[in-house]
Amino acid sequence: MQTVPDIVFLLDVDNTLLDSDTILSHLKDFLEGEFGCENSDHYWSIFEKLRKELGYADYLGALQCYRMEHSDDPRLHLISSFLINYPYKERLYPNALAVIEHLQQFGPTVILSDGDIVLQPLKILRSGLWDAVEGRVLIYVHKEQMLAAIKEQYPAKHYVMVDDKLRILAAMKAQWKNDLTTIFPRQGHYAHDIKQLLTYRKADTSIDSISDLLNYGFSYKVDLIEYNLNSNKKLFYIDVYCSYFI
């Protein structure tokens, strides 16, 4: 019978491990340069409409919709080529792979991402994240609605979720309660969205960047997760189930 680990780390991808805002900026520059501002604006209007409908960024889906209205443009393959051949590994946040290796001292790491079924796996593979977590990759349309499936796939006594979106962290915390510790890296545009910051519950702890996790050690004790930072050893509580040393 397989032993259930004390802790499983669930790691988001976009703007958590991978600087997706920079990728988006590069795509905008490419579209304006190759197709002009008017066509670029049209693509992004489709993209934003799809993002509101789906809840995630669907670059290829937006391209398919754009193609229906511009089927006579022989250059459309340039957009898909840009997305498929983009150097995603170069867009990893500093120390992202080192953080995964560090966390695996304390429990299995799992990529838990929202996204489409074509480009999102490609991004994870090409960036090196797939190999870093040894193939433990879950991609859903709405991951916060798939907690039972996540638990069945990767059972644990306690979970740690790292995500740049407070909406996701709050939704997961509401369901898993004391079985989950949430960590909020303040990276990317969602992490600095005032409306989101005011609307959703605060995470159990916040960090300035994903690389800050290199300073954290994790241990499981009954219903207590401790984060041990090797510095002044001054203890304070984030909540009754979660504490760390600074």
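This is a short tour of a predicted model, stop by stop, with something to select at each one.

**Stop 1: a loop after the first strand**

Start by selecting residues 7-11, which form strand 1, and 20-54, which form helix 1. The loop between these two elements holds Asn-15, so click on that residue next. Is Asn-15 buried or exposed? Its relative accessibility is 3%, and because buried means under 20%, Asn-15 counts as buried. Now look at its backbone: phi is near 65°, a positive value in a residue that is not glycine.

**Stop 2: another positive phi**

Move on to Glu-134, in the loop between helix 6 (129-132) and strand 3 (137-140). Here too the residue is not a glycine, and phi is positive, near 55°. With 57% relative accessibility, Glu-134 counts as exposed, because the cut-off for exposed is over 50%.

**Stop 3: a lysine and its neighbours**

Next, select Lys-165. You will find it in the loop between strand 4 (158-162) and helix 8 (166-176). Lys-165 has a relative accessible area of 15%, so it is buried. Which residues does Lys-165 touch, leaving aside those up to four places away in sequence? Show the side chains of Asp-12, Asp-14, Phe-184 and Tyr-190, and you have them. Then add Asp-164: its side chain is joined to that of Lys-165 by a polar contact of 3.3 Å.

**Stop 4: aromatic rings**

Now colour the aromatic residues. How many aromatic pairs does the count come to? The count is 12 aromatic pairs. One of them is formed by Tyr-43 and Trp-44, whose rings sit 5.0 Å apart, centre to centre. Their planes make an angle of 85°, and the pair is edge-to-face. Tyr-43 and Trp-44 are both buried. Widen the selection to include Phe-47, Tyr-59 and Tyr-66, and you have one aromatic cluster, made of these three together with Tyr-43 and Trp-44.

**Stop 5: a nonpolar patch on the surface**

For the last stop, turn on the surface and select Ile-194, Leu-197 and Leu-198. What do these three residues make? Together they form a nonpolar surface patch of about 320 Å². Zoom in on Ile-194, which lies in helix 10, residues 194-199. Its relative accessible area is 55%, so Ile-194 is exposed. For a contrast to end on, go back to Asn-15, which counts as buried at 3% relative accessibility.

Conventions. Residues are numbered from 1 along each chain as its sequence is written. This is a predicted model: local features need pLDDT of at least 70, side-chain atom pairs count only at pLDDT 80 or more; totals for chains, interfaces and linings use all residues. Side-chain values use heavy atoms; hydrogens and water are left out. Helices (H or I, at least four residues) and strands (E, at least two) are DSSP runs, numbered from the N terminus. Buried means under 20% relative accessible area, exposed over 50%, partly exposed in between (1.4 Å probe, protein chains only). A polar contact is a pair of N or O atoms within 3.5 Å; within protein, one must be able to donate a hydrogen and the other to accept it, and residues adjacent in sequence count only if both atoms are side-chain atoms. Contact means heavy atoms within 4.5 Å. Patches are made of residues with over 30% relative accessible area and no salt bridge: like charges are joined within 9 Å, nonpolar side chains (Val, Leu, Ile, Met, Phe, Trp, Tyr) within 5 Å. Accessible areas come from the Shrake-Rupley method with a 1.4 Å probe; for residues, only the protein chains shown count as cover. A salt bridge is a side-chain nitrogen of Lys or Arg within 4 Å of a carboxyl oxygen of Asp or Glu. Rings of Phe, Tyr and Trp (its six-membered ring) pair if their centres lie within 6.5 Å; planes under 30 degrees apart count as stacked, over 60 as edge-to-face and the rest as tilted.
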